[in-house]
Amino acid sequence: MSAPASVPAVTAAPGGAVDPVIVARDLSFRYPGAQRDTLRNVDLTIERGDFVAVVGGNGSAKTTLCKTFNGLIPHYWNGDFAGAVHVDGLDTWESGVAELSSRVGYVYQDFTDQLVRPTVRDEVSFGPLNFGHADFRERTEEALERLGIAHLAQSFVWQLSGGQAHLVALASVLAMRPSVIVVDEPVAELDPARAREIYRRLAQLNREQGITVITIEHHAEFVAEFARSVVLMAEGAPVWHLPVREAMARHADLAAHGVPAPDTVALTAHLGEEQLALDADSAARILRPHLRPGRPSPPPPAPREQDPADAAAAPHRPRSAEVIASLRGVHHGYRSVTGGLQVVLEDLDLDLHAGERIALVGTNGAGKSTLMKLLTGLMVPRRGTVTVDGIDTRSRSAARLADHVSYLYQHPGRMFLRESVRADVALFPTGRRLPDAAELVEEVLDRVGLQQLAERDGRSLSGGQQRRATIGIGLAMRPRLLLLDEPTSSLDIRSRDDVTGMLASLADTVRCAVVATHDMDLVASSASRVIVLDSGAVIADLTPRELFARPELTRRARLTPPQAARIGLALGLDPLPLTAAEVRAALDPALHPAHDPLLDRVPEEAR
Amino acid sequence: MTRRTHDVLSVEWVRLELLRTAYSTRGGIFSRMDPRAVLAWYVLLALAPWFTHDTAVLIGLFVLGAIGVALARVGPLVLGLFLIGLLGNVLGLLVASFFFGGDLGTLAALTELNLKLGAVSMASMAAFVSLDPEKLSDALLSLRAPELLAFGVSYGYRMLPILVDEYVTVFEGQRLRHAPPPRPGILGWRVILQWCTLAVTAFSPIMLNVAGTVRTTVEALETRGFTYAAAHPQGRRLRLAHLRITPRDVLVVAASALAIGACYAIPGLLGISPAPPGGAAG
């Protein structure tokens with residue numbers, strides 16, 4: 001049926017198939033009631049001990065493919081199944097989900113829904129107990145130990161942070177001692193630093209235990225750095241399966257399927273496959289000889305005093321500018337379940353000015369969300385004052401402060417209170433009887449590009465559309481101060497660029513925007529000022545360029561700078577580049593093609 | 001009007017109290033016992049009041065229930081709701097009875113029913129506040145309750161904090177985006193009415209959001225042998241192997257049984273006079 005592209009079908013990993021752990025032959029699958037096959041004539045061999053990244057655009061059946069490995073297809077989803085899948089020598093058609101689950105572990109994209117027991121220890125031992133393994137205690141301890149979360153054994157599942165919850169989900173499949181682990185888009189729901197930690201653990205399991213790891217991934221940066229081979233899926237079948245270096249060299253294929261090349265590859269691709277860099281350090285090593293002559297050669301790392309380019313590009317902190325919000329001597333904390341007071345913010349002083357695009361960064365628990373909630377007036381500080389638009393938040397109810405400040409939650413689903421996007425956008429302006437409510441709603445829907453979908457329930461939209469809908473809800477409140485919590489989390493690359501672009505274009509409507517985020521690409525491309533929070537205190541207040549030039553600061557706040565910035569830092573470039581195009585500007589034009597389509601599209605999307 | 005951070009009687013406090021109650025973080029004697037013994041104790045105290053009409057005996061059982069509540073360290077939220085419910089019930093019935101020509105004698109007639117209800121409610125509070133989700137589901141499993149019930153109970157507990165969080169978020173959003181009433185009205189009735197409306201309508205987005213998460217959970221259960229365990233009992237044996245009835249469990253249940261016996265016996269021995277049977281509860 002499907003003739004996968006020009007590439008000669010699926011090539012087995014190099015060296016000839018020695019010991020395949022998963023073999024799919026002529027596999028086709030159609031979901032019950034569907035009009036066409038989701039998987040079409042898949043032929044795929046995965047070797048034992050491989051680290052495979054399955055990539056491809058939305059709807060290319062990546063997840064469906066992986067569900068054939070643990071027997072959920074065809075045993076749980078009874079569709080039309082043709083062909084055969086063998087896992088560890090077992091025919092999945094003839095065995096059951098139970099038998100296969102001890103061979104293939106599956107960690108879902110929405111992994112918190114996968115945790116079914118109240119405590120961590122109980123969660124991890126759930127599988128081994130159900131299957132009646134007498135050594136369930138050892139298995140549990142071993143899995144917790146191996147992932148470095150033994151200290152969480154007694155914790156309740158709802159106390160875990162996102163990264164911890166993912167590790168628990170991973171431990172619970174690891175306790176089954178599987179030979180294959182499938183992880184569906186770990187980066188989607190986690191911040192990049194936590195996702196990197198998950199990948200490190202997976203790489204360790206792969207290396208030390210010989211467990212075959214299969215990840216479904218949109219982010220080529222992680223694929224390049226951790227995977228050994230890459231399966232590119234399109235329209236229900238693999239286009240090719242290649243070792244990672246060869247796969248990255250075919251960046252045009254990847255980009256065509258919604259997986260744009262990482263900066264390292266974009267910068268080194270023209271040098272040939274042997275010179276192709278898969279991570280930032282090797283990119284720096286490879287690019288160093290190609291630096292524009294006459295530049296100060298390699299380290300010492302860039303001194304980060306005032307650089308004029310920066311001052312021009314980001315005229316932040318014009319001290320004379322109007323103050324939109326200010327915090328003075330703010331202390332805040334929460335009662336814990338055991339009754340103690342957990343201090344979250346300590347003695348905070350901060351002014352937010354008109355015209356600023358502020359990024360609020362720091363680890364989980366650093367106080368970002370608390371700061372935002374204090375600014376909305378949903379909470380008032382235990383000590384100190386918060387003033388928004390000249391109003392002390394203690395003197396006004398949150399509902400009345402909403403005329404001045406609006407807050408967009410991290411999970412769009414929690415902001416859809418009405419039956420359609422239009423009704424949700426209209427809720428605020430019509431409720432307050434604004435004279436121009438009707439025009440405002442139309443204008444906002446145009447602006448976020450959702451006129452066509454305005455009658456749909458917000459929950460039925462795709463991730464990127466949901467974000468745009470919530471931004472629309474925020475805009476219709478016509479706030480002076482707009483607060484956004486993680487606006488780009490759990491979006492694929494394309495929708496992320498979409499949302500980033502929209503945030504950048506808000507400048508004319510919103511006086512001041514504050515974005516709490518872990519996404520450093522978003523910080524690099526749209527913030528004029530970065531406030532770094534750590535343990536409830538501001539440890540730095542600077543521009544993105546200044547921030548990424550200070551490795552000791554990014555380490556302390558556990559931030560991962562954009563790849564281009566890491567390459568620039570390793571090369572000792574000053575001013576520090578924030579995009580691949582800026583890195584290229586520092587390279588010798590003689591050794592570098594003047595027009596590189598790969599690079600020219602990077603800044604476009606990032607901007 | 002100046003707003004402050006309240007540690008008690010705020011939404012956040014209700015959330016914490018729910019968690020403290022559900023996960024029995026306060027400790028107490030029953031939380032250290034075998035869950036099956038706790039259930040046995042509960043059955044004793046919950047059944048005892050239904051076999052008598054004697055007010056004196058019921059007062060004794062009511063006091064026993066109160067002692068149980070104290071030993072189990074029941075939190076203020078649950079206790080407060082219980083008191084409001086009990087007193088509200090008495091007052092409401094009293095007012096109603098006056099309308100239909102009753103007098104203070106009605107109150108005496110109401111006492112019996114409310115003492116019974118109170119004793120049973122307090123025993124329930126003491127027992128269920130002391131059982132965290134795992135203990136409760138293990139106890140149900142060991143008493144041959146259906147697997148699905150035992151699992152459902154523990155899954156409910158696991159979802160509770162998440163639902164509460166979600167609810168608080170949606171409710172906050174409602175407050176921010178709905179216009180506050182222009183004037184509060186007498187005693188702020190407009191504000192209160194709006195709060196109540198929003199509190200109820202906040203449930204619908206939550207239902208829709210939760211519905212979306214169920215598929216993953218059901219698939220995950222399948223892959224982790226939930227249906228396999230239903231057909232193969234060795235997992236159940238392993239899970240319950242850690243349950244042990246200790247001397248303390250026996251002592252507590254036996255002492256309670258004796259105390260109940262005493263409650264029944266003492267008023268009879270002393271004649272009809274309403275004897276304060278508190279001493280028997282030791």
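Two strands count as paired here if DSSP finds at least two bridges between them. With that in hand, let's walk through two sheets of chain A in this predicted model.

**The six-stranded sheet**

One open sheet has six strands in the order S16-S17-S18-S13-S19-S20 (chain A), and its pairing is mixed. Strand S16 (405-408) and strand S20 (537-542) of chain A form the edges, each pairing on one side only. On average, and ignoring direction, neighbouring strands in this sheet are turned by 20° against each other.

Inside this sheet, strand S13 of chain A runs parallel to strand S19 of chain A. If you would like a residue pair to look for, A:Val361 has A:Val532 in S19(A) as its bridge partner.

A helix joins the picture too: H15 (residues 368-376) of chain A lies across S13, S16, S17, S18 and S19 of chain A. Helix H15 runs at about 150° to S17(A).

**The four-stranded sheet**

Another open sheet has four strands, ordered S2-S1-S4-S5 (chain A), with antiparallel pairing. Strand S2 (39-47) and strand S5 (90-91) of chain A each have a single partner strand, so one side of each has no neighbour in the sheet. Strands S4 and S5 of chain A run antiparallel, and A:His86 stands opposite A:Asp91 in S5(A).

**Two strand pairs at a glance**

| Strand pair | Bridges | Direction |
|---|---|---|
| S13(A), residues 357-361, with S19(A), residues 529-534 | four bridges | parallel |
| S4(A), residues 80-87, with S5(A) | two bridges | antiparallel |

As general background, strands of a sheet pair through backbone hydrogen bonds, either parallel or antiparallel.

Notes
Residues are numbered from 1 along each chain as its sequence is written. Chains are lettered from A and ligands numbered from 1 in the order in which they are written. This is a predicted model: local features need pLDDT of at least 70, side-chain atom pairs count only at pLDDT 80 or more; totals for chains, interfaces and linings use all residues. Axes are lines fitted to C-alpha atoms, for helices over the stretch in contact, and angles run from 0 to 180 degrees between N-to-C directions. Two residues are in contact if their C-beta atoms, placed from the backbone, lie within 7 Å.
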